[in-house]
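This report goes through one protein chain, from its helices to its surface. Please keep the sequence and the model side by side while reading.

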Amino acid sequence: MEAFNALADAPPPPAPNGAVPHPTGNAPGELTSKVDTVLGIVAWAGTAAGVLGVLVTGTMMAVSVKRGESSEHMSRLGMVIGGCVLVATAGPLVSFVFA
């Protein structure tokens, strides 16, 4: 425990130049607007695919019940909902990690 306290109280090692680097974004404005547009379209397409996946899975479940068949639609629905959650949280996760 004494060794831990000694290490915890020790100052951090200095940076090579004596300062912590803080890089800034140097991307051109035209590029960032185009990338934002593409990412917006991809996010919209992912959301639309998720909604379509839930609708298709629900339709398949309804048809199976009508026919009296048994199938593993709940696992499919779980995968679709997992994909929807991943698409919905991709932006905030990336912002959290890189911001």
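The expected span of a helix is taken as 1.5 Å multiplied by one less than its number of residues. In this predicted model, helix 3 covers residues 73–98, and because each residue should add 1.5 Å, its 26 residues should span 38 Å, which agrees with the 37 Å that separates its end C-alpha atoms. Helix 3 nevertheless has a bend of about 45° at Thr-89, and a proline, Pro-92, follows within four residues.

**The chain as a whole**

Three helices and zero strands make up the list of elements in the chain, which gives the pattern α-α-α when the sequence is read along its length. How confident is the predictor in the chain, as a mean pLDDT? The mean pLDDT is 81, with 78% of the residues reaching 70 or more. That confidence is lowest in helix 1, residues 2–9, where the mean is 67, and highest in helix 2, residues 29–67, where the mean is 88.

**Burial and surface**

Of the 99 residues in the chain, 6% count as buried, and the area that the chain exposes comes to about 8500 Å², with carbon and sulfur atoms supplying 71% of it. A nonpolar patch of about 520 Å² lies on this surface, made by Val-94, Phe-96, Val-97 and Phe-98. One of these residues, Val-94, belongs to helix 3, and because its relative accessibility is 47%, Val-94 counts as partly exposed, given that this class lies between the limits of 20% and 50%.

**Pairs that share Cys-84**

Which residues of helix 2 can be paired with Cys-84 across the sequence? Val-54, a residue of helix 2, and Ala-48, also placed in helix 2, each form such a pair, and the separations are set out below.

| Pair | Apart in sequence | C-alpha to C-alpha |
|---|---|---|
| Val-54 and Cys-84 | 30 residues | 9.2 Å |
| Ala-48 and Cys-84 | 36 residues | 9.5 Å |

Are the two helix 2 partners buried, partly exposed or exposed? Val-54 counts as partly exposed because its relative accessibility is 33%, and Ala-48 likewise counts as partly exposed because its relative accessibility is 33%.

Technical notes. Residues numbered from 1 in each chain as written. Predicted model: local features only at pLDDT ≥ 70, side-chain atom pairs only at ≥ 80, totals over all residues. Heavy atoms only, no water. Helix = DSSP H or I, 4+ residues; strand = E, 2+ residues; numbered from the N terminus. Bend = angle between axes of the 7 residues up to and from the residue. Patch = residues over 30% accessible without salt bridge, like charges linked within 9 Å, V, L, I, M, F, W, Y side chains within 5 Å. Areas by Shrake-Rupley, 256 points an atom, 1.4 Å probe, with all protein chains shown as cover. Salt bridge = Lys/Arg side-chain N within 4 Å of Asp/Glu carboxyl O. Buried < 20%, exposed > 50% of the residue type's maximum accessible area, 1.4 Å probe, protein only. pLDDT = per-residue confidence, 0-100.
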